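Reader: I have a model on my screen and some labels I want to challenge. Can you take me through how each one was reached?

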Amino acid sequence: MDIKFWGVRGSIPTPITTEQIKEKLIYLAERKPDRQLNNSEELKKFLETVSPLDFGSIGGNTACVEINIDDLTLILDMGSGMKPLGNFIEKNRENYNHIFHILLSHTHWDHISGLPFFKPAHQSDCQLRFYSPLENLKVRLEYQQDHRFFPVGFELLKAKKSFYQLKEELFQIGHTEISYLLQNHPGTSYSYRLKDNNKIAIYMTDVFLEKPNEAVIRFCQGADVLIFDSQFSREEISDKKDYGHSIGETGVDLAVAAGVRKLVLFHHDPDKTDLEIEKNLQQVKQHHQQNYSRSELDIQLAYEGMKITI
Ligand SMILES: [Zn+2]
Ligand SMILES: [Zn+2]
């Protein structure tokens, strides 16, 4: 199972600013070796010694994760990250069978706004299969592209579209077993559990989880990777319980209780810079070390372009 992150930001697309690029350049200059870096080869070698997050960006696109299992392509959410995903598919047409299975957590803007910009949606030889427990998903997507809000109507997307309202708690796409869980989020949202060849990935975003309960621990049990909504920091959450998002520390508590191997912090706050998000990661790791000294949980930040194979 290959997982690739195309959009990791929460709430609204957040391009990196000139000020933030300046901060990164200063950070890199402070770490540069004493000798001159006279050519692009030397510079490239130096950049290989620092984290991609220190010279690149965590990314400003909203939620979109691609999962490939053999020739099956699943797409989790259609945030603005779906646009670069579509461009990538265009350039690598031979690697895709052009049937895209799209699982939606919910239909807040940051999870659907990429669809009209997804190039394969404009091609008649492509199929989009939408899955969600929501009963009126098609109406919602048509509404997003109503002419009052968007120039190109949903009906003008040439791809063959089909809708599957999920009713059974466990269903199958290809040989991948999928289940979902209703979450606490304004307007409701759902998390997904994907199991294939004894590998398990959990996509759990847009959820306010005060602390892990029995149902959610059972849902995540034994997962290889848990992608978890970590929009806020420990200090912020007490004022923001109604916003429907969680903190990384709760992700740690959940991951340890459920025996998860890797926790990926996701749906980053659009009001935080990369440095602030990285600082929050350190705080989450500290929580893990202080409370679960024997746990071997791996914790990392989701960033655009990140790939995980399980
Ligand atoms: Zn969201
Ligand atoms: Zn939401």
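Reader: Which residues of α1 are buried?

Author: In this predicted model, Q20, K24 and L28 of α1 are buried. Buried here means under 20% relative accessible area.

Reader: What puts those three on the same side of α1?

Author: Their arc. Around the axis they cover only 75 degrees, so they sit on the same side of α1. T18, L25, A29 and E30, on the other side of α1, are exposed. For that label the relative accessible area has to be over 50%.

Reader: What do the buried residues of α1 pack against?

Author: Three helices: α2 (40-48), α3 (52-55) and α9 (274-291).

Reader: How do you know that the span of helix α1 agrees with what it should be?

Author: Helix α1 runs over residues 18-31, which is 14 residues. The expected span is 1.5 Å times one less than the number of residues. That should give 20 Å, and the end C-alpha atoms are 20 Å apart, so the two agree.

Reader: Where do the domain bounds fall?

Author: The domain assignment gives domain 1 as 2-16 + 57-309, and domain 2 as 18-54. Their C-alpha centres lie 31 Å apart. In contact are nine residues of domain 1 and eight residues of domain 2.

Reader: Now the metals. Which residues coordinate the zinc ion (ligand 1)?

Author: D110 (OD), H111 (NE2), D206 (OD) and H267 (NE2), at 2.0 to 2.2 Å. The cut-off for a donor is within 2.8 Å of the metal, so these distances qualify. Along the chain the spacing is D-H-x94-D-x60-H.

Reader: Why is the site of the zinc ion (ligand 1) called irregular?

Author: Look at the angles among its four donor atoms: 94 to 160 degrees. Tetrahedral would need all angles between 85 and 135 degrees. The 160 degrees breaks that limit, so the tetrahedral label fails. The site is classed as irregular.

Reader: What about the site of the zinc ion (ligand 2)?

Author: That site is irregular too, with angles of 90 to 171 degrees among four donor atoms. The value of 171 degrees lies outside the tetrahedral range of 85 to 135, so that label is ruled out. The donors are H106 (NE2), H108 (ND1), H185 (NE2) and D206 (OD), at 2.1 to 2.4 Å. They follow the spacing H-x1-H-x76-H-x20-D.

Reader: What makes D206 a bridge?

Author: D206 coordinates both zinc ions, ligand 2 and ligand 1, which are 3.6 Å apart. H108 and D206 link distant parts of the chain, 98 residues apart. H108 is in the loop between β4 (99-103) and α5 (109-112), and D206 in the loop between β10 (199-204) and α7 (214-220).

Reader: Why is D206 called buried, and H108 partly exposed?

Author: D206 has a relative accessible area of 1%, under the 20% cut-off, so D206 is buried. H108 has 32%, which falls between 20% and 50%, so H108 is partly exposed.

Reader: How do you know that H111 is buried?

Author: The relative accessible area of H111 is 0%, under 20%, so the label holds. H111 is found in helix α5. Among the residues that H111 touches are A63, D77, H106, Y203, D206 and H267, not counting residues up to four places away in sequence.

Note on methods:
Residues numbered from 1 in each chain as written. Chains lettered and ligands numbered in written order. Predicted model: local features only at pLDDT ≥ 70, side-chain atom pairs only at ≥ 80, totals over all residues. Heavy atoms only, no water. Donors = N, O, S within 2.8 Å, 3.2 Å for Na, K, Ca; no water. Tetrahedral: all angles 85-135°; square planar, octahedral: opposite > 155°, others 65-115°. Helix = DSSP H or I, 4+ residues; strand = E, 2+ residues; numbered from the N terminus. Buried < 20%, exposed > 50% of the residue type's maximum accessible area, 1.4 Å probe, protein only. Arc of directions from axis to C-beta. Contact = heavy atoms within 4.5 Å. Domains from an automatic or database assignment.
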